[in-house]
Amino acid sequence: MLLQGCVQHPSATRSNCALTLLREVKLTEYGAAADVFAPTKEDERSVALAIRARSGDYDDDLILEQLARNRVFLTDEGLAKLRSSFVIVVGCGGVGSHAVAALARSGVSKLRLIDFDQVTLSSLNRHALATLADVGTPKVHCIRKRLEQVVPWTHFDCWNELFNEQSAERQLADMDGQKPDFVIDAIDNIDSKVALLAYCHKNGIKVISSMGAGCKSDPTRVFLGDISASTEDPLSRSTRRRLRAMGIKDGVPVVFSTEKTAPGKAQLLPLPEEEYNKGSVGELGVLPEFRVRILPVLGTMPAMFGLSVANHVILKITGYPHDYLPSKSRDKMYDGMLGALQGLEERLARHRGVDAVGLRIPITQDDVGYLVEEVYRGRSVVTGLATRLALTRWRAPPEGFVDNRFPGQNNSLLHIRDLVCMTKEEATRHEKEVLKGDKQPEDIYDKEVVELVEARLQEEEVFQRYR
């Protein structure tokens, strides 16, 4: 982009990066400042020391003394692994800044920071390193400037730009011939988040993701586990759903909160009515698909998420023993539900006088898991119960719902959007009265249930483009 030696030429000598930055006065394509304010004498001394330290003019005994507590905890071997590691942090706000600070203070020697945004006044309630003097400056350079005063030997590779699917290969590339040992996802934009996690999964890059810390306040409900186990968080749900549609249902460690909303707790604040009256709400965002509403954040929670993420990275890189919450594995339940759905389609075929021998349905175990967990949140649409679940058609199948054009092969034309989640008892009644009877769902269910189903099905249509 616009930061000479830091973004346009990330492979350039990073010892020149900070000084070059201090000379540039430009804006990024997002309207954010691409520079810091005039350096103070202290800044100039810190930059000079960092340049010398990164070139090797810094006593290693001093570094080991500063890292003494980590050294006795992780052992010499573990600390050596950490000191030689390369970690990429995407998103340098409340979560990412705390993660970077912890990693740098613990001994990670190479850190690539990626974020297009600048420090604002509202950032100061949760950012680990920003001060009032940093308002209006890029977050990546705010972090670099502060941490160079703490760990001058650390190489900070600053990318003041947006992460997206098109830039992933370039931004997650090697640093001086070294592949990243870990990538940290601290992004709050769903498109960029999914793109990052999918790229890392596809290319075998170790990654950990932070889910939403907004509207959370209970530190006892923050957990680290597989993404398949994350619950009670809209960002986590949307991320899981998009990844599952891409064939990624587990294998991504995440930090998440199980805290549920309740009366009196913080909620996503609505946009003022006057903003809606002005026209397209989407134009209010910094970028397409970015949230435009204010997200209430208690300053302590992003710190907990960021430190938890950094802790995981440190343990994994050093090989320190650790054991987290097990993944939620319900494959046996999904397999049983798939078998029951197969039986339902066969019964409906026979009820219509159609040959059901060899009938196949175009639904997989992964589809079942996706429907149960992501579309219906693991609950019956009728009563909200979460036990003895089954999938069933919402409406009676149309004529010709079995394709028998191929000899010896009968295919059900069942589609994922035809299905809803109920308890087994509810599904049995539904089959008798709606699927085989003469009633419509509207005849036997409350208006709230019908509207909930329609809302879920409409929501699923939006997500179908990612499948």
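This is a short chat about reading helix packing, burial and cysteines in a predicted model.

Q: How do I describe two helices that pack against each other?
A: Two packed helices are described by the angle between their axes and the distance between the axes. Let's try that on H9, which covers residues 234-245.

Q: Okay, at what angle do H9 and H16 cross, and how far apart are their axes?
A: Helix H16 spans residues 447-463, and its axis comes within 11 Å of the H9 axis, with a crossing of roughly 55°. That angle makes H9 oblique to H16. As for the hand of it, H9 and H16 form a right-handed crossing.

Q: Which residues of H9 and H16 meet there?
A: From H9 you'll find Ser238, Arg241 and Arg242, and from H16 they meet Glu459, Glu460 and Phe463. Sorted by class, that contact has four charged residues, one polar and one nonpolar.

Q: Now for H13: what angle does H9 make with that helix?
A: H9 and H13 (residues 365-375) pack at about 165°, and their axes are 10 Å apart. Angles over 145 degrees count as roughly antiparallel, so H9 is roughly antiparallel to H13. This crossing is left-handed.

Q: Which residues make the contact between H9 and H13?
A: On the H9 side they are Arg237, Arg240, Arg241 and Arg244. They meet Asp366, Gly369, Tyr370, Glu373, Glu374 and Val375 in H13. By class, you get seven charged residues, two nonpolar and one polar. Look out for Arg241: this residue takes part in the contact with H13, and it turns up in the contact with H16 too.

Q: Let's switch to single residues. Is Val47 buried or exposed?
A: To judge that, look at the relative accessible area: under 20% counts as buried. Val47 has 5%, so Val47 is buried. You can find Val47 in helix H2, which runs over residues 41-54.

Q: How far is Val47 from Arg144 in space, and how far along the chain?
A: Along the chain, Val47 and Arg144 are 97 residues apart, while their C-alpha atoms are separated by 9.9 Å.

Q: What about cysteines: how many disulfides does the structure hold?
A: To find one, you look for a pair of cysteine sulfur atoms within 2.5 Å. Here the count is zero.

Q: Are Cys158 and Cys200 buried or exposed?
A: Use the burial cut-off again. Cys158 has a relative accessible area of 0%, so Cys158 is buried. Cys200 comes out at 1%, so Cys200 is buried as well.

Terms used. Residues are numbered from 1 along each chain as its sequence is written. This is a predicted model: local features need pLDDT of at least 70, side-chain atom pairs count only at pLDDT 80 or more; totals for chains, interfaces and linings use all residues. Side-chain values use heavy atoms; hydrogens and water are left out. Axes are lines fitted to C-alpha atoms, for helices over the stretch in contact, and angles run from 0 to 180 degrees between N-to-C directions. Helices (H or I, at least four residues) and strands (E, at least two) are DSSP runs, numbered from the N terminus. Angles under 35 degrees count as roughly parallel, over 145 as roughly antiparallel, 65 to 115 as roughly perpendicular and the rest as oblique. A crossing is left-handed if the near helix is turned anticlockwise from the far one by less than a right angle, and right-handed if clockwise. Contact means heavy atoms within 4.5 Å. Ala, Val, Leu, Ile, Met, Phe, Trp, Tyr, Cys and Pro count as nonpolar, Asp, Glu, Lys and Arg as charged, and the others, Gly among them, as polar. Buried means under 20% relative accessible area, exposed over 50%, partly exposed in between (1.4 Å probe, protein chains only).
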